[in-house]
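Subject: Handing over the structure

Hi,

Here is the structure I said I would pass on to you. Have it open while you read, and my notes below should be easy to follow.

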Amino acid sequence: MEDQWQRAYDFAVEVARKAGEEIRKAGEREIRVMTKSSTVDLVTKTDERVEKIIIGSLTDEFGEGTHCFIGEESVAKGEPCILTDKPTWIIDPVDGTTNFVHGFPFVAVSIAFAVNKQLEFGVVYSCLEDKMYKARKGKGAFCNDQQIQVSDVKDIHKSIIISEHGTDRSPEKVTKTFSTMQKILCIPVHGLRGSGTAATNMCLVATGAVEAFFEIGIHCWDIAAGAVIVQEAGGILLDVDGGPLDLMSRRMVSANNETIAKRIIKEIEIFPVVRDDAPAEKQ
Ligand SMILES: O=P(O)(O)OC(CO)CO
Ligand SMILES: [Mg+2]
């Protein structure tokens, strides 16, 4: 049924906007910061509250038990992170929590929807910029209702690449991350950037502001919505080894085209990360 999920898509946009308003208001008050996997992996009451608002709104709309949820803060509290064939919402209530805490102006709500393990649509609301990015499979990608498209640059020397440092600060991983960045910078490319939110980074690929975003260590909720947006804007998604993207692998290259993606992949120093869907004892 072609339009089966249109209501869900439209509702996701409404919910993302409501969540973004909550984040904006919360940013005007004092923010109490807690930590998760390390002292630089930050979380706030706003992350937890906004995730509850999103899941609560979706449950009220679509009924208890009809849809599954993978939410960053629910998983942090022990909920499973397994993608099944059932209709599943993949949610990051506050992507860019560190930015939110510091008032660095890129913070996004990321909501994706998958059925039979295939992403149907994605919504990223960059709430401090008031930019609503959305895309539904086969229907194009939009920012504030204007259709968006990736850049047509094929020459890596004329590109801007985005990446992040992540929250794992073990010296081996930081060394590999910086070594990759150094090699890419010295190709040379026009520039290296990082907005501090994976969801926004992917939207920047989708609008053509940058040619590629890659990262090892991101989670499925950081990239699921952005993945649909990049693809619908004409871009591609790959694993850092050049294979197909695996949403649960915590590794991703998103790019405007294969030429740029493959050139970046040549320079990426891969390090191991624990999959999002690994059993709890391996996390
Ligand atoms: O701010 P969050 O949701 O922890 O996400 C980070 C990466 O995990 C930025 O994308
Ligand atoms: Mg995130």
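What follows is a walk through the domains, the sheet, the ligand and a few single residues.

One thing before the details: this is a predicted model.

**The domains**

The protein chain splits into domain 1, covering 6-145, and domain 2, covering 156-265. Their centres, taken over C-alpha atoms, are 20 Å apart. Domain 1 puts 35 residues into the contact, and domain 2 puts in 25 residues. On the domain 1 side, at least two residues each come from strand 3 (68-71), strand 4, helix 4 (97-102), strand 5, strand 6, strand 7 and strand 8 (141-143). The largest share of that side, six residues, belongs to strand 6. Sorted by class, the side of domain 1 that touches domain 2 has 19 nonpolar, 10 polar and six charged residues.

**The sheet**

Now for the strands. Seven of them make an open sheet with mixed pairing, in the order 3-4-5-6-7-8-9. Strand 3 and strand 9 (146-147) are the edge strands, each pairing on one side only.

Starting from the strand 3 edge, strand 3 pairs with strand 4 in the parallel sense, over four bridges. If you want a spot to look at there, Ile-70 sits opposite Ile-90 of strand 4.

Strand 6 (residues 118-126) deserves a look of its own. It is mostly covered, with eight of its nine residues buried. What happens on either side of strand 6?

- Strand 5 (residues 108-115) runs antiparallel to strand 6, and eight bridges join the two. Ser-110 stands opposite Val-124 of strand 6. These two strands form a hairpin with two residues between them, where Asn-116 has a positive phi near 50 degrees.
- Strand 7 (residues 131-136) is also antiparallel to strand 6, with six bridges joining them. Here Gly-122 has Ala-135 in strand 7 as its bridge partner. This hairpin has four residues between its strands, and Asp-130 in the turn takes a positive phi of about 55 degrees.

**The ligand**

Where does ligand 1 lie with respect to domain 1 and domain 2? Both domains give residues to the shell around ligand 1, so it lies between them. The residues surrounding it are Glu-72, Asp-92, Val-94, Asp-95, Gly-96, Thr-97, Thr-197, Ala-198, Ile-218, His-219 and Asp-222. Strand 4 (residues 88-95) provides the largest share of the shell, three residues. By class, the shell has three nonpolar, four polar and four charged residues.

The UniProt record, an unreviewed entry, lists Glu-72, Asp-92, Asp-95 and Asp-222 under "binding site". These are spread over 151 residues of sequence, yet they cluster in space, with a largest C-alpha distance of 9.4 Å. Each of the four also appears in the list of residues surrounding ligand 1.

I followed up on a couple of them:

- Glu-72 is found in helix 3 (residues 72-76). Is Glu-72 buried or exposed? It has 25 other C-beta atoms within 10 Å, so it is buried. Leaving aside neighbours within four places in sequence, Glu-72 is in contact with Glu-51, Ile-91, Asp-92, Pro-93, His-219 and Trp-221.
- Asp-95 is in strand 4. With 33 other C-beta atoms within 10 Å, Asp-95 is buried. Not counting residues up to four places away in sequence, it touches Ala-108, Ser-110, Thr-197, Ala-198, Ala-199 and Asp-222. You have met Ser-110 already, as the residue opposite Val-124.

**Two ends of the chain**

For contrast, have a look at Gln-4, in the segment before helix 1 (6-27). Gln-4 has 10 C-beta neighbours inside 10 Å, so it counts as exposed. Gln-4 and Ala-108 are 104 residues apart in sequence, and their C-alpha atoms are 27 Å apart in space.

Finally, there is helix 8 (residues 258-265), whose buried residues are Ile-260, Ala-261, Arg-263, Ile-264 and Ile-265. What do they pack against? Their partners are strand 10 (160-162), helix 5 (171-185), strand 12 (212-216), strand 13 (236-238) and strand 14 (251-255).

Over to you, and happy browsing!

Note on methods. Residues are numbered from 1 along each chain as its sequence is written. Chains are lettered from A and ligands numbered from 1 in the order in which they are written. This is a predicted model: local features need pLDDT of at least 70, side-chain atom pairs count only at pLDDT 80 or more; totals for chains, interfaces and linings use all residues. A residue is near a molecule or strand if its C-beta atom, placed from the backbone, lies within 6 Å of it. Ala, Val, Leu, Ile, Met, Phe, Trp, Tyr, Cys and Pro count as nonpolar, Asp, Glu, Lys and Arg as charged, and the others, Gly among them, as polar. Domain bounds come from an automatic or database domain assignment. A residue is buried if 20 or more other C-beta atoms lie within 10 Å of its own, exposed if 12 or fewer, and partly exposed in between; C-beta atoms are placed from the backbone. Two strands pair if DSSP finds at least two bridges between them. Two residues are in contact if their C-beta atoms, placed from the backbone, lie within 7 Å. UniProt positions are given in the numbering used here, feature names are shortened, and annotations may be inferred rather than shown by experiment.
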